[in-house]
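Q: I would like a close look at one part of this model. Please walk me through it step by step, in plain words.

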Amino acid sequence: MRMRWPERCLLSTRWRGWLLRKVEVPRVLESLHLPHQPVCLEIGCGNGIGALVVSQWLRPARLTCVDYDAPMHDKARKVLAHPPQWARDVETSRIDLVRGDATRLAFPDGRFDAVFLFGVLHHIHQWPAAIAQVYRVLKPAGVFVFEEALMGSSRVLANHFWRHVPFDREELQAVLRETGFNVERFEATLAGIWCFVHARKPG
Ligand SMILES: C[S@@+](CC[C@H](N)C(=O)[O-])C[C@H]1O[C@@H](n2cnc3c(N)ncnc32)[C@H](O)[C@@H]1O
């Protein structure tokens, strides 16, 4: 679903970049165990800042970033071509930008060690289909690492203006388990409206 313009503007601010870099990515990567130089995917990469932060933390062999929105894609291309000062050590040649839909990923089964996603599922009507795709493209024992908004208990937040898709903690956990994931970490925060999750595909 296309984002409303205020959200697009918010995502392009320094504030959003700071939050990803200093708070969200470090917190979601906490206690994560991955092979050396993992092959990774980020879904809904927005302007590409998340890709730079993940690359700085994990030094992946390859990081593929998917977003279906053309303007966001263009922004990401520019950011990766001219990374901000703090990301100058990132080998951007290891990052591939791809336009695509999370519910129909064009990658073979079992391709990735880890799939990341930062605040994207609540933009996808068919979010259980996106979770099924993540499961398909992960290697056995691969891990789905994400942070997400839980707005099921507050439908007002997910109103028509923002075009957000409301689901709650129970619905999200049930879909992860029904898809086949073992939920290793599920940390709800901000009075239960946000969560940090590690869900592993059985080995
Ligand atoms: C709230 S933004 C988050 C962007 C970035 N991850 C961040 O944290 O700044 C959601 C992103 O998901 C993308 N998106 C929404 N639905 C998608 C879909 N079905 N497939 C791929 N990307 C999608 C949007 O274009 C947007 O860039």
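In what order do the strands of the open sheet lie, and how are they paired? Please build the answer outward from there.

A: This is a predicted model. Start with the sheet.

Seven strands, or 7 in figures, make up an open sheet. Their order is 3-2-1-4-5-7-6, and the pairing is mixed. Strand 3 (95-99) and strand 6 (182-189) are the edge strands. Each of them pairs on one side only. On average, neighbouring strands of this sheet are turned by 15° against each other, with direction ignored.

Now add the helices. Helix 2 packs on the sheet. It touches strand 4 (112-118), strand 5 (138-149) and strand 7 (194-200). The direction of helix 2 makes about 135° with that of strand 5. Helix 4 (residues 70-81) also packs on the sheet, and touches strand 2 and strand 3. Its direction makes about 165° with that of strand 3.

Next, follow the pairing from strand to strand. Strand 1 covers residues 39-43. It runs parallel to strand 2, and 5 bridges join the two. Two residue pairs show this link. Ile43 stands opposite Val66 in strand 2. Glu42 has Cys65 of strand 2 as its bridge partner.

Strand 1 also pairs with strand 4, in the parallel sense, over 4 bridges. Here Cys40 has Ala114 of strand 4 as its bridge partner. Ala114 then leads on to the next strand: it stands opposite Val143 in strand 5. Strand 4 and strand 5 pair in the parallel sense over 6 bridges.

How covered are these strands? Strand 4 is mostly covered, with 7 of its 7 residues buried. Strand 1 is mostly covered too, with 4 of its 5 residues buried.

A general point helps in reading any strand. In a regular strand the side chains alternate between the two faces of the sheet.

Now look at the packing. The largest nonpolar core has 55 residues. Val115, Phe116 and Phe144 touch the most other members of that core. Take Phe116. Leaving out residues up to four places away in sequence, Phe116 touches Cys40, Glu42, Val54, Val145 and Phe146. Cys40 and Glu42 have come up before: Cys40 is the bridge partner of Ala114, and Glu42 is the bridge partner of Cys65.

Glu42 also leads to Ala51. Ala51 sits in helix 3 (residues 49-58). Setting aside neighbours within four places in sequence, Ala51 is in contact with Glu42, Cys45, Leu63, Cys65, Leu80 and Ile95. Ala51 counts as buried because 29 other C-beta atoms lie within 10 Å. For a sense of distance, take Pro26. Ala51 and Pro26 are 25 residues apart along the chain, and their C-alpha atoms are separated by 13 Å.

Step back along the chain to Gly46. This residue lies in the loop between strand 1 and helix 3. Gly46 is buried because it has 25 C-beta neighbours inside 10 Å. Apart from neighbours within four places in sequence, Gly46 is in contact with Leu11, Asp67, Met72 and Ala76. His122 is 76 residues from Gly46 along the chain, and the two C-alpha atoms are separated by 14 Å.

Gly46 brings us to the ligand. The ligand is surrounded by 23 residues. Gly44, Gly46, Asp69, Ala102 and Phe118 are the closest. By class, this shell has 13 nonpolar, 6 polar and 4 charged residues. Helix 2 (14-29) and strand 2 (62-67) each supply at least two residues of the shell. Helix 2 is thus met twice: in the shell, and packed on the sheet.

Finish with the backbone. Most residues other than glycine have a negative phi. Two residues here go the other way. Ser31 is not a glycine, yet has a positive phi of about 55°. Ser31 is found in the loop between helix 2 and strand 1. It is exposed, because just 7 other C-beta atoms lie within 10 Å. Ala141 has a positive phi as well, near 70°. Ala141 lies in strand 5. It counts as exposed because it has 12 C-beta neighbours inside 10 Å, and the cut-off for exposed is 12 or fewer.

Methods:
Residues numbered from 1 in each chain as written. Predicted model: local features only at pLDDT ≥ 70, side-chain atom pairs only at ≥ 80, totals over all residues. Near = placed C-beta within 6 Å. Nonpolar A, V, L, I, M, F, W, Y, C, P; charged D, E, K, R; others polar. Pairing = 2+ DSSP bridges. Axes fitted to C-alpha atoms, helices over the stretch in contact; angles between N-to-C directions. Contact = placed C-beta atoms within 7 Å. Buried ≥ 20, exposed ≤ 12 C-beta atoms within 10 Å, placed from the backbone. Core = buried A, V, L, I, M, F, W, Y, C linked by C-beta atoms within 7 Å.
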